[in-house]
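Trainee: I would like a close look at a single part of this protein, and then at whatever lies around it. Please take it slowly.

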Amino acid sequence: MDQLPSTFVENFHDEASVRKMKYNSFGNTGLFVSKISLGTGTLSKLYGDLGETDGANAVRLALKKGINYIDTAPFYGQGRSEEILGHALKDVPRQAYYVATKVARYEMEYDKMFDFSAKKTRASVEKSLKLLGVDYIDVVQIHDVEFAADLNVIWKETLPTLEALRAEGKLKYIGVSAYPMDVLKTVISGAPGRFDTVLCYCRNTLIDDSLKEYLPFFQANNLAVICASGHGMGLLTNSGPQTWHPAHYQTKQVCREAAEYCKQHGVELGKLAMYHFIQLDGPSTFLSGMQSKALVEINLAAFFDGLTDNERTVLAYLNERIFPNVAQRNWEGIEVKRYWSAMNSTKN
């Protein structure tokens, strides 16, 4: 790029990488964010054991290479992700990054998992500010709104509290996230003009392209679209998903077959998934979890360098012969049903 972004800091950034990175307008916020952004759900035990030093080093490398948008949440390791991120950012100039976190989803235990109340929302933002070690948070998102018993709590408690915190200078922009796309549309439609960002995950992958259907709606509402998890929460990698992954058994089997084919041909499925993920026009940024320096390099290589001839051949084979066999391309409803079943059983 001819002009360096406002987040560029001399003597901190690798200028050559920053110049290769693409920066997109972030909805109506006036910000310009890196096309590749850093998700930190992987900085928690959700994705296996992780050394704090390894995670912090991955964050700093990503930032030095030109990534300027970082996403975290209290739910990721019950604050562990925010804590590790806060340590990683201690020596990083505040100008160099935008940081986003979330409210409403917190603990692993079902009866403590969600709280959309005004009181908890305010307390959560205050805690996130301390853990992250910042004076303000760039974006605070309402996490997984499909789990709310009644969406009115979003409009009447969670969102107004975030707006009050914004007026106090503790955050700048407000967003919403969910897995079911129709729920996102409903929540946004119920509060026109009050959201700045929308985060969709696992909806623009090698097995699910349903984000395309909703992009026009999001754009018509002037929202910055954060397209997350092109790896399908680990589903589309050589190492495969964690045991908790909610996808259907047959979907996992097909993705496992794809991973085996990649291994036989010396290719990382995660790189192919990342390359496919970032081809879509429309989203402001493509958010990917990277818990090690090696994964930062792999994901950035997919953007900076594209695919080798061998990788392209393997990807073509997967798209023609393996991925069409996926019977159920999403796992919508599975987690919500499981959650309410557990909640109802505790009441009986």
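How do the residues of the lining of the second largest pocket divide into nonpolar, polar and charged?

Mentor: Keep in mind that this is a predicted model. The lining of the second largest pocket divides into 3 nonpolar, 4 polar and 4 charged residues. The space in that pocket is about 160 Å³. It is lined by 11 residues, and those closest to its centre are Pro 74, Tyr 106, Glu 107, Lys 120 and Lys 127. Helix α5, residues 118-132, gives the largest share of the lining, with 5 residues.

From the pocket we can follow α5 to other helices. One of them is α3, residues 80-89, because α5 is included in what covers the buried residues of α3, along with α2 (52-64), β4 (69-71) and β5. In α3, 7 of the 10 residues are buried, so the helix is largely enclosed by the rest of the structure. The buried residues are Ser 81, Glu 82, Ile 84, Leu 85, Gly 86, Ala 88 and Leu 89. A charged residue, Glu 82, is thus among those buried in α3.

The helix α5 also meets α6. The buried residues of α6 pack against α5, β5 (98-103), β6 (137-142), β7 (171-178) and α7 (181-189). Those buried residues are Ile 154, Thr 158, Leu 159, Thr 161, Leu 162 and Leu 165. To see how such a list can arise, recall that an α-helix has 3.6 residues a turn, so residues three or four places apart point the same way. With that spacing in mind, find Ile 154, Thr 158, Leu 162 and Leu 165 among the buried residues of α6.

The length of α6 can be checked by a short piece of arithmetic. The helix has 16 residues, 152-167, and the expected span is 1.5 Å times one less than that number, which gives 22 Å. The C-alpha atoms at its ends are 22 Å apart, so the two values agree. Along the way there is a kink of about 30° at Leu 159, shortly before the proline Pro 160. Leu 159 is also one of the buried residues of the helix. After α6 comes Gly 169, which has a positive phi near 85°.

A positive phi also turns up in the loop between β9 (224-228) and α9 (249-264), where Ser 229 is placed. The phi of Ser 229 is near 60°, positive in a residue other than glycine. Met 233 lies in that loop between β9 and α9, and its phi is about 55°, again positive although Met 233 is not a glycine. Ser 229 has a relative accessible area of 17%, and Met 233 is at 12%; buried means under 20%, so both count as buried.

His 231 is in the loop between β9 and α9 as well. Its relative accessible area is 11%, so His 231 is buried too. Leaving out residues up to four places away in sequence, His 231 touches Leu 236, Thr 237, Gly 270, Ala 273, Met 274, Ser 288 and Asn 299.

Leu 236 leads on to the largest cavity, as it is one of the residues that line this space. The others in the lining are Cys 202, Thr 205, Ile 207, Asp 208, Gly 232, Leu 235, Arg 329 and Trp 331. By type, the lining divides into 5 nonpolar, 2 polar and 2 charged residues. The volume of the largest cavity is about 30 Å³, and the count of cavities of 30 Å³ or more is 1.

Two residues from the early part of the chain make a useful pair to end on. Asn 24 lies in strand β1, residues 23-25. With a relative accessible area of 15%, Asn 24 is buried. Apart from neighbours within four places in sequence, Asn 24 is in contact with Leu 31, Phe 32, Val 33, Lys 35, Pro 283 and Ser 284.

Asp 14, by contrast, is at 29% relative accessibility and counts as partly exposed. Asp 14 lies in the segment before α1 (15-20). Once residues up to four places away are set aside, Asp 14 touches Lys 64 and Lys 65. The C-alpha atoms of Asp 14 and Tyr 275 are separated by 22 Å, and the two residues are 261 residues apart along the chain.

Conventions. Residues numbered from 1 in each chain as written. Predicted model: local features only at pLDDT ≥ 70, side-chain atom pairs only at ≥ 80, totals over all residues. Heavy atoms only, no water. 1 Å grid on protein atoms, 1.4 Å probe; cavity = no way out; pocket = protein on both sides within 12 Å on 5 of 7 lines; lining within 4 Å. Points joined across faces, edges and corners; volume = space filled by probe spheres on them. Helix = DSSP H or I, 4+ residues; strand = E, 2+ residues; numbered from the N terminus. Bend = angle between axes of the 7 residues up to and from the residue. Buried < 20%, exposed > 50% of the residue type's maximum accessible area, 1.4 Å probe, protein only. Contact = heavy atoms within 4.5 Å.
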